[in-house]
Structures are given as structure tokens and as C-alpha cells.
Amino acid sequence: MLCRYVSVLGVILIVYLCLGALVFHHIEHPREAQVREGQLGSVKDFMANYTCLSPADFEVFIMKMMAAYDEGVLVTTNTTSKDNWDFFSCLLFSLTIVTTIGYGNMSPVTPGGQAFCVFYALVGIPLCGAFIVNIGVKLQHPMRKLLDKVFFPKHPKVELYLKNGLFVLVGLLIWLFIPAVVFSAAEKWTYGESLYYCVITMTTVGFGDYVPGQQAQKYREIYRVLVVVWILMGYAWLAMLLSKMTDTVVQVNNTIKEKRRASLRKSSIGEDGESNTPNGKDAKKVKDKCEVKDMEEAKDTSMATTSL
């Protein structure tokens, strides 16, 4: 049963990936072509106005600027980028390592920094995962208290759905929608861009196209510390949701097993009330084999859902 379940999920995932590829291609590719044509026109105009500069020298200049920009450094005649490797910037960078966000806007380029990053990630990712999971367990307490209270005894299923929906909605409001308002005001992003950043960060996608605290603003250090706290607590809430999803999958799986056991019991008894199995020992063997198989499937299902 578990193999069939995984196969169906695999097919759905492949279809979902192909659908995403088609949608992103049709939405983003025209904009890319437009920017490329505009950039080529700008280069041609520049070379036409400054004929004293050879194309080879201009190419070397552009490559040097791009190499510096890839390391997070931008220098013009009147603008210099903010220092990326101050303590608080490194604090946010360390968080992106242990939480596997990996914005990509900055990364170590020295051999020593790269070597340290490898060992730091190997130790920090499990440590951060253990911390987030335990905080998520603590956050389950108010949810369990809410689930224990009975408001509509005549409609238990409807009440359960409403309680779960309310808890998810409150979490979305606290960790996504309200922070998006704060980022919109602090970073001068639109609300849509801020909400996009919050979702991309909380899901550990971390494109790096939007990173908070990049501008030279007042209280930049305190602001980045608050961003670190928000990410950790938001991850804990997400871990709580995943834990709840795991419990739900296990409960559904147990319900299916109970129905299957009941069906096996009915099929093992004939119309005359006698057992269809040759003797009691064989029946016991069949029962034990089914229980062992159910335990193995339950273990596999729990491990699969927990790994999400």
C-alpha cells in the first residue's frame, strides 16, 4: 500500500514540476528577452559615444565589475555598497546556513571561509533542526488546549476542521501577513513583494532577490537581529504544522488498517459461521503476519512524513 502511495505522489510531483516549468517559462521568458535586447542596445550606444574605448577593454571592465558584484561589492563614482561582512550581516548569513535558506546574495570566497562553512553547516543544520522541532512541540500546547475544548458536541468533525483552520489562519497572520506589512514599511517594498519574500523565506526556498537589511538604514543591526528571531520562530511554527500533518497522516493510516483488519476478519468466517482457515494456528500466523506488515508500513509512513 505504501509503495502505491509513493508511486502516486511521484507521478503527481512530476506533473506539478512540468506544470511549473511551463508557467514560469511563459511568464518570465518574455521579460528576459526584453531586458537582453535593451542591454545590447545600451552597450552599442555606449561604444558609439566613446569610440576611444576598445571593445576588449570595455569587456574587461564589465567582467571586473560583475566579479565584484557577485561578491556583494558595488562601487561607482558616487556610491559604495554597505559592508556585507560586519558582525550582524554575518549573523544573518549564519542563520541562512543552519536553516538551509541560502539566499545566495553573499557567500565565502576565501578557501578558509569555504572550509569553515562546510563544517559549520554540518554541525549547525542538525542543531538548528532539533531546536526548531522542540520549539514547534511547545507551540502545540495551545493548539491541543483548543482541540480539547468542545464547542459544538453535535458536530465534532466540523468543529475539528474549524479549530484547525483557525489555528492555521492565526499562524499565517502572525508569521506571514503582519511581517509583510513591517517589511513593506522598512524596506520600501510593495506589500506583494514583502509577502513574496516572507513565503520564500519560510519555505527555505531563499532566492536571494529580496534580502532585508541591505540598505544603509537607521538601527540596521537591531533590525537584522529581529529578522533572525522572526525566521527562527516562523520555522518553529512551520515545524509544528508539519508535526500536525504527520499525526494526521498516521491517524488516517491507522483508520485504513483497522478497516482492512475488519474486512479480513469477515472474509475468514464463512456463511455458516466456521473459519475458512485450516486451524487456529494458521489463523494466528496470518494475524501475526498482518500485524507485522502493518507495523512496518506505519513506521515507513511516519519516517516519510517526518522527513518532510
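The buried residues of helix H3 are covered by a set of elements that includes H4 and helix H7 (220-267). H3 itself spans residues 87-98, and in this predicted model its buried residues are Ser89, Leu92, Phe93, Ser94, Leu95, Thr96, Ile97 and Val98. From there, let's walk through the chain as a whole and then along the helix pairs H4/H5, H5/H6 and H6/H7, with stops at Ser194 and Tyr210.

**The chain overall**

- The protein chain has 8 helices and 0 strands, so no strand interrupts the pattern α-α-α-α-α-α-α-α when you read along the sequence.
- Of the 308 residues in the protein chain, 23% count as buried.
- Among contacts with a separation of 6 or more, 58% come from residues 24 or more positions apart.

**Helix H3**

- H3 has 12 residues, and the distance from its first C-alpha to its last is 17 Å.
- That reach is close to the 16 Å expected at 1.5 Å a residue.
- The buried set in H3 includes Phe93 and Ile97, and as a reminder for reading such lists, an α-helix has 3.6 residues a turn, so residues three or four places apart point the same way.

**Where H4 meets H5**

- Helix H4 covers residues 111-148 and helix H5 covers residues 156-187; their axes come within 10 Å and cross at roughly 150 degrees.
- Because angles over 145 degrees count as roughly antiparallel, H4 and H5 are roughly antiparallel to each other.
- The crossing in which H4 passes H5 is right-handed.
- On the H4 side, the contact is made by Leu139, Pro142, Met143, Leu146 and Leu147.
- On the H5 side, the partners are Leu160, Lys163, Asn164 and Phe167.
- Sorted by class, the residues of this H4 and H5 contact are 7 nonpolar, 1 polar and 1 charged.

**Where H5 meets H6**

- H5 and H6 pack with their axes 8 Å apart, at an angle of about 125 degrees.
- That angle makes H5 oblique to H6.
- Here too the crossing is described as right-handed.
- H5 brings Leu176, Phe177, Pro179, Ala180, Val181, Phe183 and Ser184 to the contact.
- H6 answers with Tyr191, Ser194, Leu195, Tyr197, Cys198, Val199 and Met202.
- The contact of H5 with H6 holds 12 nonpolar and 2 polar residues, with no charged residues.

**Helix H6 and Ser194**

- H6 runs over residues 191-202; it has 12 residues and reaches 16 Å from first to last C-alpha, close to the 16 Å expected at 1.5 Å a residue.
- Buried residues in H6 are Ser194, Tyr197, Cys198, Ile200, Thr201 and Met202, and they pack against H5 and H7.
- Ser194 has a relative accessible area of 0%, and since buried means under 20%, Ser194 is buried.
- Leaving aside residues up to four places away in sequence, Ser194 touches Ala180, Phe183, Ser184 and Trp189.
- Three of those names, Ala180, Phe183 and Ser184, also appear on the H5 side of the contact with H6.
- Just after H6 comes Thr204, which has a positive phi near 60 degrees.

**Tyr210 in the loop**

- Tyr210 sits in the loop between H6 and H7.
- The relative accessible area of Tyr210 is 21%, which makes Tyr210 partly exposed.
- Tyr210 and Tyr197 are 13 residues apart in sequence, and their C-alpha atoms are 6.3 Å apart in space.
- Not counting residues up to four places away in sequence, Tyr210 touches Tyr103, Trp189, Glu193, Tyr196 and Tyr197.
- Trp189 is thus a neighbour of Tyr210 and also of Ser194.

**Where H6 meets H7**

- The axes of H6 and H7 come within 10 Å and cross at roughly 60 degrees.
- H6 and H7 are therefore oblique to each other, and their crossing is right-handed.
- Tyr197, Cys198, Thr201 and Met202 make the contact from H6.
- Val227, Trp230, Ile231, Gly234, Tyr235 and Leu238 make the contact from H7.
- By class, the residues of the H6 and H7 contact are 8 nonpolar and 2 polar, with no charged residues.
- Tyr197, Cys198 and Met202 of H6 take part in this contact and are also listed in the contact with H5.

Terms used: Residues are numbered from 1 along each chain as its sequence is written. This is a predicted model: local features need pLDDT of at least 70, side-chain atom pairs count only at pLDDT 80 or more; totals for chains, interfaces and linings use all residues. Side-chain values use heavy atoms; hydrogens and water are left out. Axes are lines fitted to C-alpha atoms, for helices over the stretch in contact, and angles run from 0 to 180 degrees between N-to-C directions. Helices (H or I, at least four residues) and strands (E, at least two) are DSSP runs, numbered from the N terminus. Angles under 35 degrees count as roughly parallel, over 145 as roughly antiparallel, 65 to 115 as roughly perpendicular and the rest as oblique. A crossing is left-handed if the near helix is turned anticlockwise from the far one by less than a right angle, and right-handed if clockwise. Contact means heavy atoms within 4.5 Å. Ala, Val, Leu, Ile, Met, Phe, Trp, Tyr, Cys and Pro count as nonpolar, Asp, Glu, Lys and Arg as charged, and the others, Gly among them, as polar. The expected span of a helix is 1.5 Å times one less than its number of residues. Buried means under 20% relative accessible area, exposed over 50%, partly exposed in between (1.4 Å probe, protein chains only).
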